[in-house]
Amino acid sequence: MTGLLLLGMAQLIATDYQEPPEVLPPKVAPIHLPEMKRTVERVDPIRKPQQLPPPVKPQPVERTLEPAQVPISVGPPVVTQQTIDPGIVSSDPLPFYKPAPRYPRRALAQGIEGYVVVEFTITRSGSVRDPRVVGGFDSAGAPTEVFNSSALNAVERFKYRPTLVDGNPVEKHGVRNRITFKLAE
């Protein structure tokens, strides 16, 4: 490698260096532009100064209150014997863990998109029991079963805050969830 560099430098030194011939740029014909004159002049109308509103008269401040006359009460908070009725505490189930389903290989290979409607029961502990597929459809609206097992596997892992009635957790039957399968763009 070094030998090639030395050989190349020797060739550069051995050749007579001559300045390249000067090439003149092409001639450009002069451009004649007519003198431009304004045909329209824009004049902004003179605006009248905006009238100022009348000055606000200061209100007199009453200085008759002495700091010692202000009633100040400092003490610990008072605890009452009032209890909260547990009948007031009722709520619907609230999902707090919904993992995404795995995209089925067969649907991925064929480029199929769609959704599955699953119905299940939420137990008193918040887990899912008895999931079943109500219907599965592709993006064109035709029924398909390609997404069913993947949707059921995902639903079995869902976790909810259970339904509360009178402050006590109860099972909620017939909960429906739509799981959509969409290919990334």
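**Exercise 1. Determine which side chain makes a polar contact with the side chain of Thr121, and describe the surroundings of Thr121.**

Solution. The side chain of Thr121 makes a polar contact with that of His173, at 3.4 Å, where a polar contact is a pair of N or O atoms within 3.5 Å and, within protein, one atom must be able to donate a hydrogen and the other to accept it, residues adjacent in sequence counting only if both atoms are side-chain atoms. This is a predicted model, in which local features need pLDDT of at least 70 and side-chain atom pairs count only at pLDDT 80 or more, whereas totals for chains, interfaces and linings use all residues. Residues are numbered from 1 along each chain as its sequence is written, and side-chain values use heavy atoms, with hydrogens and water left out.

The next step is to place the residue: Thr121 lies in strand β2, strands (E, at least two residues) and helices (H or I, at least four) being DSSP runs numbered from the N terminus. Thr121 has a relative accessible area of 8% and is therefore buried, since buried means under 20% relative accessible area, exposed over 50% and partly exposed in between, with a 1.4 Å probe and protein chains only. Leaving aside residues up to four places away in sequence, Thr121 touches Ser127, Val128, Arg129, Glu171, Lys172 and His173, contact meaning heavy atoms within 4.5 Å.

**Exercise 2. Characterise the aromatic pair that Phe120 and Phe158 form, then the one that Phe120 forms with Tyr160.**

Solution. The structure holds 7 aromatic pairs; rings of Phe, Tyr and Trp (its six-membered ring) pair if their centres lie within 6.5 Å, and planes under 30 degrees apart count as stacked, over 60 as edge-to-face and the rest as tilted. Phe120 and Phe158 form an edge-to-face pair, with 6.4 Å centre to centre and 80° between the planes. This pair links distant parts of the chain, 38 residues apart, with Phe120 in strand β2 and Phe158 in the loop between α3 and β4 (159–161). Both rings belong to buried residues, for Phe120 has a relative accessible area of 1% and Phe158 is at 3% relative accessibility.

Phe120 and Tyr160 form a tilted pair, at 6.0 Å centre to centre and 40° between the planes. Here too distant parts of the chain are linked, since Tyr160 lies in strand β4, 40 residues apart from Phe120 in strand β2. Tyr160, at 6% relative accessibility, also counts as buried.

**Exercise 3. Find which residues of helix α3 are buried and where they sit around the axis.**

Solution. In α3, which runs over residues 148–155, the buried residues are Asn148, Ser150, Ala151, Ala154 and Val155. Because they cover an arc of only 165° around the axis, they are on the same side of α3, the arc being that of the directions from the helix axis to the C-beta atoms. What covers these buried residues includes β2 (114–122), β3 (128–138) and β7 (172–181).

**Exercise 4. State how many residues of helix α1 are buried, and place this helix in the whole protein.**

Solution. Of the 13 residues of α1, the number buried is 0, so this helix lies largely in the open. The protein has 3 helices and 7 strands, and from the N terminus on its elements run α-β-α-β-β-α-β-β-β-β. Buried residues make up 18% of the 185 residues in the protein.
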